[in-house]
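Work through the exercises below with the sequence and the model side by side, and try each task before reading its solution.

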Amino acid sequence: MSTGRVRTKKKACSSDHSPDSLPVRSSGRQVKKKAAEAADDDDEASEKKYRKCEKAGCTATCPVCFASAAERCAKNGYTSRWYHLSCGEHFCNECFDHYYRSHKDGYEKYTAWKRIWTSNGKSEPSPKAFMADQQLPYWVQCTKPECGKWRQLTKEIQLTPQIAKTYRCGMKLNNSTKTEGSDQCSMPEDLRVAEVSDHWWYSMLILPPLLKDSVAAPFLAAYYPDCVGMSPSCTSTNRLPGESNLVKLEHLKSVPNVTVAGMNKYFQPFYQPNECGKALCVRPDVMELDELYEFPEYSRDPTMYLALRNLILALWYTNCKEALTPQKCIHHIIVRGLVRIRCVQEMERILYFMTRKGLINTGILSVSPDQYLLPKEYHNKSVIIIGAGAAGLAAARQLHNFGIKVIVLEAKDRIGGRVWDDKTFTGVTVGRGAQIVNGCVNNPMALMCEQLGIKMHKLGEKCDLIQEGGRITDPTIDKRMDFHFNAILDVVSEWRKDKTQHQDVPLGEKIQEIYKAFIQESGIQFSELEEKVLQFHLSNLEYACGSNLSQVSARSWDHNEFFAQFAGDHTLLTVGYSTVIDKLAEGLDIRLNFPVQSIDYSGEEVQVTTADGTVWTTQKVLVTVPLALLQKNAIQFNPPLSEKKIKAINSLGAGVIEKVS
C-alpha cells in the first residue's frame, strides 16, 4: 500500500495537472504579461517624449521647433507632428495650430500675411510658406577674416545689408559697437551649418528661397515676385491697394521699357513680359540653355538660381564703374533660414559664370592683380590676340581682367582699326571711321561711356532730304514714297515665304520686278522728284546692307532681324570713339608693326609667326582681323581651317561705305 501511495504521489508530483500547481503557474504568466506591458509602456513613453520627422530622408532624429510661438510649443519634446522645412528646421503641431486655427492668437497675423501674399504673388500662401517667410530666424556670417562662422540671430532681429556687412560674433545688434564677451569667435559653429553644403541638403528643402527687398525689385515690377525669386510679402514688391494682378500686368505691357530712378536709361538687362529681340537681355523668370547646362541641379526648380542671377545683374547695373565681387553681393542676400548659407555659397559660382558669359564685369574696369575677376585657376593661361581694333582690344581688356596673360599683335603702327579720329580741328573731333552708335540699349559702347562719364549725343528722328541747289524736299513726298518703299519690301516678304535657297534671286532684281508690276496694275505715274526720293530709300537700303542690291539675297536680306538687336536711340560720340579705344588699351601689352603671317596650332601650344620671323608661343589665339584679310588668305593656318569655317568666311560680304565729313 505504501508503495502504491508513493507511486501515486510520484505520479501526482510529476503530473502537469496537479491541482496544487495550477495557481502557481497562472501567477507566473501574469507576472510576465505585466512585465511585457511595462516595457511597452516605457517604449510608448519614450516615443511620446521624442518623435522623428516623418519626411523621408530627413536627418533630424530629435527635431527642435524654431517657432516657439504657441504657449504649449513642443520645443525639443514630443508633438503629434513635425512640419519639415529643411533638414535642420522644423516647427511643431502646436505652433502650426497657433497660426492656422481661427480661435488661436496667431491667426490674425497669418491671415494678414496671407492677404498680402495673395495680392502680390502667384504661389500658394501655405502655413509652411508663412513660417519660412516670417518666422524662421536669420543666419549671418562673422566678417572677421580669421573666423567666418555662421551664427543664428534671435527671431525678433531683422537682417539688413548693413548688419550682414558688419556683423561679428557676439555683436549686440541694438548697439553694434559692443560685443558680448571678448572671444565669441571661439564658440563652436552650429552643427547644422556643415550639412547645408552637402549636395542632398538642397533637395530636402521644402520651399525655395525668396529674397526680401532685392535690388532687382524695381526692374521686375511687371512680374510675380515669387516667379523671379523674390518674396511677395515685401514692400518693394507691393502694388497699389486694390490693384489686381491682371490690371498690373496689362498696365506694364503698354510700358515695356522699365527705367529705374538714377540709372542710365540705356540699361535694360531684363525682358519685360511679351518683350523679345533685345540684345544682352535675359528673361528674369526663365533659365537660358547655357545656364541649364552649367547648373543642371536647378532644372526642376530654378527659383534660387533666378533670385541670385537677377540680384547680380541688378547690382552690376546699379554701379558698373567698379568690379562686382561675391563680397559685394552677399550682403544683399536677405532671406530667412539656413538656406541663406546655401545662397551665399552659390553666389560665387553664379557670379563667376555671369562674368565669363560677359553679362557683368565688362567694359573699362581697373582691376588690380590681387583682385582679378576669375579664380586663380585661370591665371596661368596665356592668349595672343591678333588685331588691335575695337574687337581685339575689348577681348584683350576682358581677358586681362580675368587674370590671363595677354599679348596683342597689330600689323599697323596704330591701334583702333576702323576707328581713326581726326583731332586737328581745335575742340572738334571728326571721325574718319566709326562715330555713330546704332542702338544704345544694352550696347557695350553705352556701358563704357557710362563708366568713363562720356555723354552720348542723341540723333533726332527728323532727317531732311536735301536736293541739288540746297532745296529741302517736301516732307509729304518723302513720307508717301517711304510708304511705297516699305510696301515693296512687304511684297518681297510675302514672296519668299515658300521659297527655297535654290529659288533665291537678287533683292535688286525682285524689287524692280515688283515695282514694274505695281506701275502697270495701278497706272500711277511718279514725278521725277518722287522717283528720286524712292531711289534715295533704295540707296539707304544698300547702305544698311553694305552692298549693291544686285548682290543681296531677296530671301535672306534681313535675316539678322531674327537675332537680338541693339535697340533704342542712335547717338553720336562727339568726343570720338578713340577716347574709348584708348582707355581699353591702357595697361595692355600691345605690339605694333607686327603683321602675322602664320598660325600653327597643330601641337599642344600655338605658334604665331610674324613678318619679321619672330615666333610667339601661347596656349590660345584669338583672331580679330578684318574679314577681307581672311578671304585673301593673308594668314596661313596649320592645320588648314575646316571647310565649314572657310565656307562661312567666303559666304560673308563686306561692303564699302564712303564717309564724307
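**Exercise 1.** Through how many residues does a hairpin join β13 to β14?

*Solution.* The hairpin from β13 to β14 runs through five residues. This is a predicted model, in which local features need pLDDT of at least 70 and side-chain atom pairs count only at pLDDT 80 or more, while totals for chains, interfaces and linings use all residues. Residues are numbered from 1 along each chain as its sequence is written, and side-chain values use heavy atoms, with hydrogens and water left out. Helices (H or I, at least four residues) and strands (E, at least two) are DSSP runs, numbered from the N terminus. Two strands pair if DSSP finds at least two bridges between them. On that basis, strand β13 (residues 596-600) pairs with β14 in the antiparallel sense over four bridges, and the bridge partner of S598 is T609 in β14.

**Exercise 2.** Describe the pairing of β14 with β15, and then place both strands in their sheet.

*Solution.* Begin with the pair itself: β14 (residues 606-610) and β15 are antiparallel, with four bridges. The bridge partner of V606 is T618 in β15, and V608 stands opposite W616 of that strand. A hairpin is formed by β14 and β15 with four residues between them, and G613 in its turn has a positive phi of about 95 degrees.

Next, widen the view to the open sheet, whose four strands follow the order β15-β14-β13-β17 with mixed pairing. Its edge strands are β15 (615-618) and β17 (636-638), each of which pairs on one side only. From one strand to the next the twist averages 20 degrees.

Finally, consider burial, where buried means under 20% relative accessible area, exposed over 50%, and partly exposed in between (1.4 Å probe, protein chains only). Strand β14 is largely enclosed by the rest of the structure, because four of its five residues are buried.

**Exercise 3.** Which residues of α16 are buried, and against which elements do they pack?

*Solution.* Helix α16 (residues 475-495) has 21 residues and reaches 30 Å from its first C-alpha to its last, close to the expected 30 Å; the expected span is 1.5 Å times one less than the number of residues. The buried residues of α16 are I477, D478, M481, H484, F485, I488, L489, V492 and W495. They lie on the same side of α16 because they cover an arc of only 140 degrees around the axis. On the other side of α16, P475, K479, F483 and E494 are exposed. The buried residues pack against α17 (507-522) and α18 (528-545), where a contact means heavy atoms within 4.5 Å.

**Exercise 4.** Is E346 buried or exposed, and which residues does E346 touch?

*Solution.* Locate E346 in helix α13 (residues 339-357). E346 is buried, with a relative accessible area of 8%. Leaving aside residues up to four places away in sequence, E346 touches E297, Y298, M304 and L308.

**Exercise 5.** Characterise the protein chain as a whole.

*Solution.* The protein chain has 21 helices and 17 strands, and buried residues make up 41% of its 661 residues. Of the contacts between residues at least 6 apart in sequence, 64% join residues at least 24 apart.

Conventions. Arc of directions from axis to C-beta. Axes fitted to C-alpha atoms, helices over the stretch in contact; angles between N-to-C directions.
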